[in-house]
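Q: Could you take a close look at the salt bridges in this model? I would like to know which side chains pair up, and where these residues stand between buried and exposed.

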Amino acid sequence: VSYVLTDRIEVSLRIPLRVVKTSVEFLAEDGRNLSGFRSIHHRNETITGLDDLVLEARHRLLMSTPNNRIRLDLKYGMSLPIAKTEPDPFALGRQGIEHQHIFFGTGTFDPRFGLQMEYSVGDFVFSSDTNWNGSLYTNEHGYRGPMSVLQRLTAGSAFGSKTWFPMLGIELFKEFPARWKTQP
């Protein structure tokens with residue numbers, strides 16, 4: 001959901017719903033299926049839940065005009081920890097206790113920043129979108145979520161259409177490891 005406050009400022013709220021399905025098969029050394037085998041680590045399951053909310057603002061720093069073909073937006077915001085997180089699965093695994101490695105959210109208020117630029121030449125638009133987000137501290141279970149960086153480059157044209165605007169692009173994404181206090 002987004003709301004335009006002025007021609008330069010827009011706010012948005014994202015409420016991500018995630019569904020993760022895992023399926024495992026345990027095999028003996030000779031390749032036989034061990035159908036009755038149970039693991040404290042892996043299960044056949046589907047997990048559904050809300051991820052952390054994302055509250056974000058876009059501030060238009062530079063507006064395109066007939067004389068200026070560049071538009072520049074600054075994006076900033078924060079994720080709000082509403083999703084359920086789990087206790088440290090590595091510590092529980094060392095104790096032989098069944099645990100969960102899959103959960104949604106970080107349990108922390110995580111900042112996010114981005115910069116988006118568009119440049120118009122005739123009917124063509126070229127854009128660059130750079131985004132960063134990451135956890136700055138650990139949650140109550142000793143978990144510190146990952147940091148990620150995304151770079152997207154796109155180009156497109158309406159080719160005279162008033163309803164369609166096809167775009168082609170490339171996206172590069174890097175996610176750095178999440179950490180638990182018990183990890184070295």
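A: A salt bridge here is a side-chain nitrogen of Lys or Arg within 4 Å of a carboxyl oxygen of Asp or Glu. By that criterion, the structure holds 14 salt bridges. The model is predicted, so local features need pLDDT of at least 70 and side-chain atom pairs count only at pLDDT 80 or more, while totals for chains, interfaces and linings use all residues. Residues are numbered from 1 along each chain as its sequence is written, and side-chain values use heavy atoms, with hydrogens and water left out.

One of the pairs joins D30 to R32, with 2.9 Å between the closest N and O atoms. Both of these partners, D30 and R32, are exposed, a word used for over 50% relative accessible area, whereas buried means under 20% and partly exposed covers what lies in between (1.4 Å probe, protein chains only).

Another pair has a different setting: E45 forms a salt bridge with R43, and the closest N and O atoms of E45 and R43 are 3.6 Å apart. E45 counts as partly exposed because its relative accessibility is 21%, while R43 counts as buried because its relative accessible area is 17%.

A further salt bridge brings together the side chains of E171 and R152, at 2.8 Å from N to O. This pair links distant parts of the chain, since E171 belongs to strand 11 and R152 to strand 10, and the two residues are 19 residues apart; strands are DSSP runs (E, at least two residues), numbered from the N terminus. E171 has a relative accessibility of 47% and therefore counts as partly exposed. R152, with a relative accessible area of 29%, is therefore partly exposed as well.

Beyond these separate pairs, the residues R60, R71, D73 and E118 are joined into one network by salt bridges that share partners.

To draw the pairs together by their surroundings, D30 and R32 are both exposed, and E45 is partly exposed, although its partner R43 is buried. In the pair that connects strand 11 with strand 10, E171 is partly exposed, and so is R152.

How values were computed. Helix = DSSP H or I, 4+ residues; strand = E, 2+ residues; numbered from the N terminus.
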